[in-house]
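Subject: Structure handover

Hello,

I am passing on the structure we spoke about. My notes on what was found in it follow below.

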Amino acid sequence: MLKLGLLLLIAPILLLLGLYFWEMSDVRECTYAGGYWDYMEGVCRDTPQPFVSWLERYPLLVNGGMLLSVAGTVMCAAGMYIGKR
């Protein structure tokens with residue numbers, strides 16, 4: 001139970017950070033080229049675009065990842081408690 005809990009605790013965070021930095025590298029390339037990143041379409045544009053947060057674009061991914069992390073924390077705590085009996 002402890003190993004599964006650690007996996008559920010760490011994997012969603014690493015996945016979200018990986019996706020975030022992957023997108024951030026595209027945004028950085030676009031701005032260095034003098035463009036503006038369209039967050040909704042995921043493309044570089046010539047006109048200014050509004051910022052749209054990850055939570056607004058992918059609410060299920062963000063909230064689901066955080067719920068899995070909380071479930072992993074609970075499983076880790078339970079695994080450590082049960083293991084010490």
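A search of the whole structure, which is a predicted model, finds 3 aromatic pairs. Tyr20 and Phe21 make up one of them, an edge-to-face pair with 5.3 Å from centre to centre and 75° between the planes. Tyr20 is partly exposed, at a relative accessible area of 35%. Phe21 has 52% and is exposed, because the cut-off for that class is over 50%.

Another of the pairs is formed by Tyr39 and Phe51. Their ring centres are 5.0 Å apart and their planes stand at 80°, so this pair is edge-to-face. Tyr39 sits in the loop between strand 1 (36-38) and strand 2, and Phe51 in the loop between strand 2 and helix 2 (54-57), so the pair ties together parts 12 residues apart in sequence. With 16% relative accessibility, Tyr39 counts as buried, whereas Phe51 is exposed, with a relative accessible area of 61%.

Tyr20 and Phe21 turn up again on the surface. Together with Ile13, Leu17, Met24 and Met66 they form a nonpolar patch, with about 530 Å² of accessible area in total. Helix 1 gives the largest share of this patch, 5 residues. Ile13 is in helix 1 and counts as partly exposed, at 36% relative accessibility.

Next, helix 1 itself. It covers residues 2-32, which is 31 residues; at 1.5 Å a residue the helix should span 45 Å, and its end C-alpha atoms are indeed 45 Å apart, so the two agree. The buried residues in helix 1 are Gly5, Pro12, Leu16, Glu23, Val27 and Cys30. After the helix comes Gly34, which has a positive phi, near 90°.

Two of those buried residues, Glu23 and Cys30, have partners elsewhere in the chain.

For Cys30, the partner is Cys44: a disulfide joins them, with 2.0 Å from S to S. The structure holds 1 disulfide, and this link is right-handed, with 75° about the S-S bond. Cys30 lies in helix 1 and Cys44 in strand 2 (residues 43-45), so the disulfide ties together parts that are 14 residues apart in sequence. Cys30 counts as buried, at 3% relative accessibility, while Cys44 counts as partly exposed, at 42%. Cys76 has 7% relative accessibility and counts as buried.

For Glu23, the partner is Arg57. Their side chains meet in a salt bridge, at 2.5 Å from N to O. The pair links distant parts of the chain, Arg57 being in helix 2 and Glu23 in helix 1, 34 residues apart. Which class do these two residues fall into, buried or exposed? Arg57 counts as buried, at 13% relative accessibility, and Glu23 is buried as well, with a relative accessible area of 14%.

The count of salt bridges comes to 2. Besides the pair above, Asp38 forms a salt bridge with Arg45, where the closest N and O atoms are 3.1 Å apart. Asp38 counts as buried, at 10% relative accessibility, and Arg45 counts as partly exposed, at 34%.

Regards

Definitions and conventions
Residues numbered from 1 in each chain as written. Predicted model: local features only at pLDDT ≥ 70, side-chain atom pairs only at ≥ 80, totals over all residues. Heavy atoms only, no water. Helix = DSSP H or I, 4+ residues; strand = E, 2+ residues; numbered from the N terminus. Expected span 1.5 Å × (residues − 1). Buried < 20%, exposed > 50% of the residue type's maximum accessible area, 1.4 Å probe, protein only. Disulfide = S-S within 2.5 Å. Phe/Tyr/Trp six-rings, centres within 6.5 Å; stacked < 30°, edge-to-face > 60°. Patch = residues over 30% accessible without salt bridge, like charges linked within 9 Å, V, L, I, M, F, W, Y side chains within 5 Å. Areas by Shrake-Rupley, 256 points an atom, 1.4 Å probe, with all protein chains shown as cover. Salt bridge = Lys/Arg side-chain N within 4 Å of Asp/Glu carboxyl O.
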